[in-house]
Amino acid sequence: MAQFEKLTAPSQGTPIRFENGQPVVADNPIIPFIRGDGTGVDIWPATQKVLDAAVAKAYGGVKTIEWFKVYAGDEACDLYGTYQYLPEDTLEAIRTYGVAIKGPLTTPVGGGIRSLNVALRQIFDLYSCVRPCRYYEGTPSPHKRPQDLDVIVYRENTEDIYMGVEWEADDAVGQELRKHLNEVVIPANGKLGKRQIPEGSGIGIKPVSKHGSQRHIRKAIQHALRLEGNKRHVTLVHKGNIMKFTEGAFRDWGYELATTEFRDVCITERESWILGNLEKDSGLSVQANARMIEPGYDSLTPEKKADIDAEVQAVIDAIGSSHGGGKWRSMVLVDDRIADSIFQQIQTRPQEYSILATLNLNGDYISDAAAAMVGGLGMAPGANIGETAAIFEATHGTAPKHAGLDRINPGSVILSGVMMLEFLGWQEAADLVTKGLSAAITDKQITYDLARLMEPQVDPVSCSGFAEAIIQRF
């Protein structure tokens with residue numbers, strides 16, 4: 001059993017263990033929770049009340065959650081001492097019990113930790129950040145048709161520029177690195193011309209690995225396989241048109257994974273065009289098919305035309321029988337889009353997308369932009385998932401000026417709890433919460449952040465009142 005310095009674990013309950021990256025869950029799992037700083041004092045009690053009520057109603061006492069309070073952020077410093085933002089007790093509890101949920105955490109001042117959220121992701125190798133963005137009827141939104149957006153952002157958590165390998169402009173090591181790059185690396189490259197990194201530059205390194213990319217994209221494809229119809233769709237989001245060897249590699253490794261490990265259940269966009277063309281005209285020649293999938297085919301050089309022809313023939317030979325005849329339409333479609341294009345398309349053509357698999361920085365931007373379309377971060381849940389642990393979390397900040405006033409929107413943590421219930425396999429309880437929350441919003445039983453955006457405005461309910469409204473509408 002785990003040993004704790006200042007905590008006492010529940011006397012009842014069973015740890016969650018992981019097999020091949022999947023949780024094995026008893027009927028009485030022990031789940032550590034971090035209340036959170038600032039408004040965590042309001043939103044966590046509301047969340048716990050909703051989750052417990054849903055589990056009780058769904059399973060009649062057969063299944064229960066044994067909650068285990070652990071500490072991080074300012075609350076941890078109060079118990080463990082100055083700068084003890086992330087005590088070993090908390091880390092040991094998550095290692096032991098596998099799944100945890102938390103409210104918002106403060107940004108540490110001193111203590112050697114730049115971000116508690118990032119620290120937790122790195123310590124437990126929680127490489128996939130999962131952010132569903134869907135609309136609940138009645139939620140005020142700046143968009144005319146927010147109900148058209150129903151996407152899940154899979155944001156890679158452990159690599160990219162967010163890995164934190166960087167140096168300040170006046171750092172001696174950074175200056176030495178800049179000098180080495182300018183005098184040795186760039187001239188030796190031969191493709192960078194006379195480019196130089198200017199004096200006074202901060203420097204950050206952007207690592208993107210095949211292993212890190214593919215394990216993350218694998219999670220996204222596995223999620224898509226649990227969906228139905230046109231939601232079986234994974235879009236690789238990248239800036240590979242500019243960053244060819246990092247973001248471009250992310251795209252290429254994603255396609256490689258889809259066409260090898262997931263060959264029997266995946267189709268790429270170009271492959272779907274080729275097979276779709278043959279469905280419409282079974283006598284279509286290879287050259288005619290190539291002309292249909294490649295814009296400007298007739299203006300290409302003979303060598304490039306031959307390459308496209310060979311691609312078409314290879315697809316027909318490899319998967320014509322296994323994926324053709326419309327069979328590919330029930331498989332996972334894998335395509336890719338440039339990141340800046342996705343910002344436009346989730347607004348203008350949101351219904352065309354389902355799962356967006358991104359690198360770290362792009363995913364940060366896109367998930368917040370998508371959340372804004374369907375009601376803001378107050379309604380945006382999140383999860384960080386790895387092979388041996390998962391942490392579900394509020395996606396917004398601590399909002400300390402609202403703390404203790406029982407007025408903040410607990411929706412983000414409640415919906416993160418829904419994700420946790422789904423992760424446990426407790427879909428019946430998860431469905432009760434989403435049903436109750438949707439009905440509460442429809443009935444305008446909402447907190448001030450949503451009420452002030454209503455036209456006409458409505459009187460808000462409290463944080464705890466919103467939780468009660470959800471439970472009453474199970």
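In the predicted model, the domain assignment divides the protein into domain 1, which is made up of residues 1-139 together with 375-473, and domain 2, which covers residues 166-204. The centres of domain 1 and domain 2, taken over C-alpha atoms, are separated by 43 Å.

Open space was examined in terms of pockets. The largest pocket has a volume of about 880 Å³, and among the 37 residues that line this pocket, those closest to its centre are Pro132, Ile152, His223, Arg226 and Glu422. Several secondary-structure elements each supply at least two residues of this lining, namely strand 2 (22-24), strand 6 (128-134), strand 7 (150-156), helix 6 (210-225), strand 14 (381-385), helix 13 (411-424) and helix 14 (427-442). Grouped by class, the lining of the largest pocket consists of 20 nonpolar, nine polar and eight charged residues.

The second largest pocket has a volume of about 700 Å³; it is lined by 21 residues, of which Ile186, Asn189, Leu192, Arg195 and Phe245 are the closest to its centre. Helix 5 (172-189) and strand 9 (203-204) each supply at least two residues of the lining of this second pocket, and helix 5 gives the most, with five residues. The class composition of the lining of the second largest pocket is 11 nonpolar, six polar and four charged residues.

Enclosed space was considered next. Rolling a probe the size of a water molecule over the atoms shows where empty space is left. A search of the whole structure finds one cavity of 30 Å³ or more, and the largest cavity holds about 50 Å³ of space. The residues lining the largest cavity are Val118, Arg121, Gln122, Arg155, Asn157, Thr158, Tyr162, Met163 and Asn360. Helix 4 (residues 116-123) makes the greatest contribution to the lining of the largest cavity, with three residues, and by class this lining comprises three nonpolar, four polar and two charged residues.

The annotation record was then compared with these features. Under "binding site", an unreviewed UniProt entry lists Ser115, Asn117, Arg121, Arg131 and Arg155; of these residues, Arg121 and Arg155 are included in the lining of the largest cavity.

Two of the residues listed in the UniProt entry, Arg131 and Arg155, were examined individually. Arg155 is found in strand 7 and counts as buried because its relative accessible area, 6%, falls under the 20% cut-off. When residues up to four places away in sequence are left out, Arg155 touches Arg121, Tyr127, Ser128, Cys129, Tyr162, His216, Thr358, Leu359, Asn360, Gly363 and Asp364. Arg121, Tyr162 and Asn360, which appear among these contacts of Arg155, also belong to the lining of the largest cavity.

Arg131 is found in strand 6, and with a relative accessibility of 6%, which is under the 20% cut-off, Arg131 is likewise classed as buried. Its contacts, again without residues up to four places away in sequence, are Val151, Ile152, Val153, Ser367, Asp368, Ala371, Leu377, Ala380, Pro381, Gly382 and Thr395. Ile152, one of the residues touched by Arg131, is also one of the residues closest to the centre of the largest pocket. Strand 6, in which Arg131 is found, and strand 7, in which Arg155 is found, each supply at least two residues of the lining of the largest pocket.

Definitions and conventions:
Residues are numbered from 1 along each chain as its sequence is written. This is a predicted model: local features need pLDDT of at least 70, side-chain atom pairs count only at pLDDT 80 or more; totals for chains, interfaces and linings use all residues. Side-chain values use heavy atoms; hydrogens and water are left out. On a 1 Å grid over the protein atoms alone, a cavity is a set of points where a 1.4 Å probe fits but cannot get out, and a pocket is an open set with protein on both sides within 12 Å along at least five of seven lines; lining residues have an atom within 4 Å of a point. Grid points are joined across faces, edges and corners, and a volume is the space filled by probe spheres set on the points. Helices (H or I, at least four residues) and strands (E, at least two) are DSSP runs, numbered from the N terminus. Ala, Val, Leu, Ile, Met, Phe, Trp, Tyr, Cys and Pro count as nonpolar, Asp, Glu, Lys and Arg as charged, and the others, Gly among them, as polar. Domain bounds come from an automatic or database domain assignment. UniProt positions are given in the numbering used here, feature names are shortened, and annotations may be inferred rather than shown by experiment. Buried means under 20% relative accessible area, exposed over 50%, partly exposed in between (1.4 Å probe, protein chains only). Contact means heavy atoms within 4.5 Å.
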